[in-house]
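Visitor: I'd like to go through one part of this model slowly, with the rest of the chain as background. Could you put it on screen first?

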Amino acid sequence: MTTQLAAVQVEAMEAGEGVVRITAWTYAGVLAACPGCGWASGWEHSRYVRHVADEAVGGRLVMVDLSVRRMYCENLDCSKQTFTEQAVRYQRRNRGSAGSG
């Protein structure tokens with residue numbers, strides 16, 4: 001988990017009634033591995049914002065707005081031309097640590 005968080009910059013945290021919103025982005029220049037071939041790429045295509053709900057804190061829902069990069073795969077032999085860096089693949093709600101064993 002520490003290595004994933006090292007590539008993320010938190011821009012803002014706002015606590016409103018019933019919700020805590022965290023706005024963050026992944027650093028440009030950090031290499032991301034292509035899920036197709038594993039090749040490390042730093043060539044950014046574009047960005048978009050992912051909205052992830054996390055565990056509640058103090059009775060408030062936590063929403064994370066994370067700007068992630070769409071990357072070009074630099075391996076010419078790879079079938080993927082672009083890919084999106086994955087914080088947690090195919091997951092909209094973060095898994096809590098309580099009760100997991």
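Visitor: What percentage of the 101 residues in the chain do buried residues make up? After that, please take a close look at Glu85, in the segment after β7.

Guide: Buried residues come to 27% of the 101 in the chain, where buried is under 20% relative accessible area, exposed is over 50% and partly exposed lies in between, with a 1.4 Å probe and protein chains only. A word on ground rules: this is a predicted model, so local features need a pLDDT of at least 70 and side-chain atom pairs count only at 80 or more, while totals for chains, interfaces and linings use all residues. Residues are numbered from 1 along each chain as its sequence is written, and side-chain values use heavy atoms, with hydrogens and water left out.

Confidence next. The average pLDDT of the chain is 80, and 79% of the residues score at least 70; pLDDT is the predictor's confidence in each residue, from 0 to 100. It stays under 50 over residues 89–95, for which the model has 14 contacts beyond four places in sequence. Residues 97–101 are also under 50, with 0 such contacts. Contact here means heavy atoms within 4.5 Å. Where pLDDT is low, the predicted coordinates should not be read in detail.

Now the frame around your residue. The chain has 1 helix and 7 strands, in the order α-β-β-β-β-β-β-β from the N terminus. Helices are DSSP runs of H or I with at least four residues, strands are runs of E with at least two, and both are numbered from the N terminus. Of the contacts between residues at least 6 apart in sequence, 51% join residues at least 24 apart.

On to Glu85 itself. With a relative accessible area of 11%, Glu85 counts as buried. Leaving out residues up to four places away in sequence, Glu85 touches Thr26, Ala32, Arg50, Val68 and Arg69. Two of these partners also show up in polar terms. The side chains of Glu85 and Thr26 are joined by a polar contact of 2.4 Å, and a polar atom of the Glu85 side chain lies 2.8 Å from the backbone nitrogen of Arg69. A polar contact is a pair of N or O atoms within 3.5 Å; within protein, one must be able to donate a hydrogen and the other to accept it, and residues adjacent in sequence count only if both atoms are side-chain atoms.

Step back to Thr84, which sits in strand β7. Thr84 is buried too, at 9% relative accessible area. Its side chain makes a polar contact of 3.1 Å with the side chain of Arg70. Beyond four places in sequence, Thr84 is in contact with Tyr48, Val68, Arg69 and Arg70.

Arg69 turns up again when you look at Val30, in the loop between β2 and β3 (32–33). Val30 touches Ala7, Ser41 and Arg69, sequence neighbours up to four places away aside. At 30% relative accessible area, Val30 is partly exposed.

Val68 and Ala32, both on the Glu85 list, lead to the nonpolar cores. The largest core has 8 residues: Val20, Ile22, Ala24, Val52, Val62, Val64, Leu66 and Val68. Strands β2 (19–26) and β6 each supply at least two residues of this core, and β6 gives the most, with 4. Another core of 6 residues lies apart from it, with Ala32, Met71, Cys73 and Phe83 among them. A nonpolar core is a set of buried Ala, Val, Leu, Ile, Met, Phe, Trp, Tyr and Cys residues joined through side-chain atoms within 4.5 Å.

Last, β6 and its partner. Strand β5 (residues 44–57) pairs with β6 in the antiparallel sense over 11 bridges; pairing takes at least two DSSP bridges between the strands. Val57 stands opposite Arg60 in β6. The two strands form a hairpin with 2 residues between them, and Gly58 in the turn has a positive phi of about 60 degrees.
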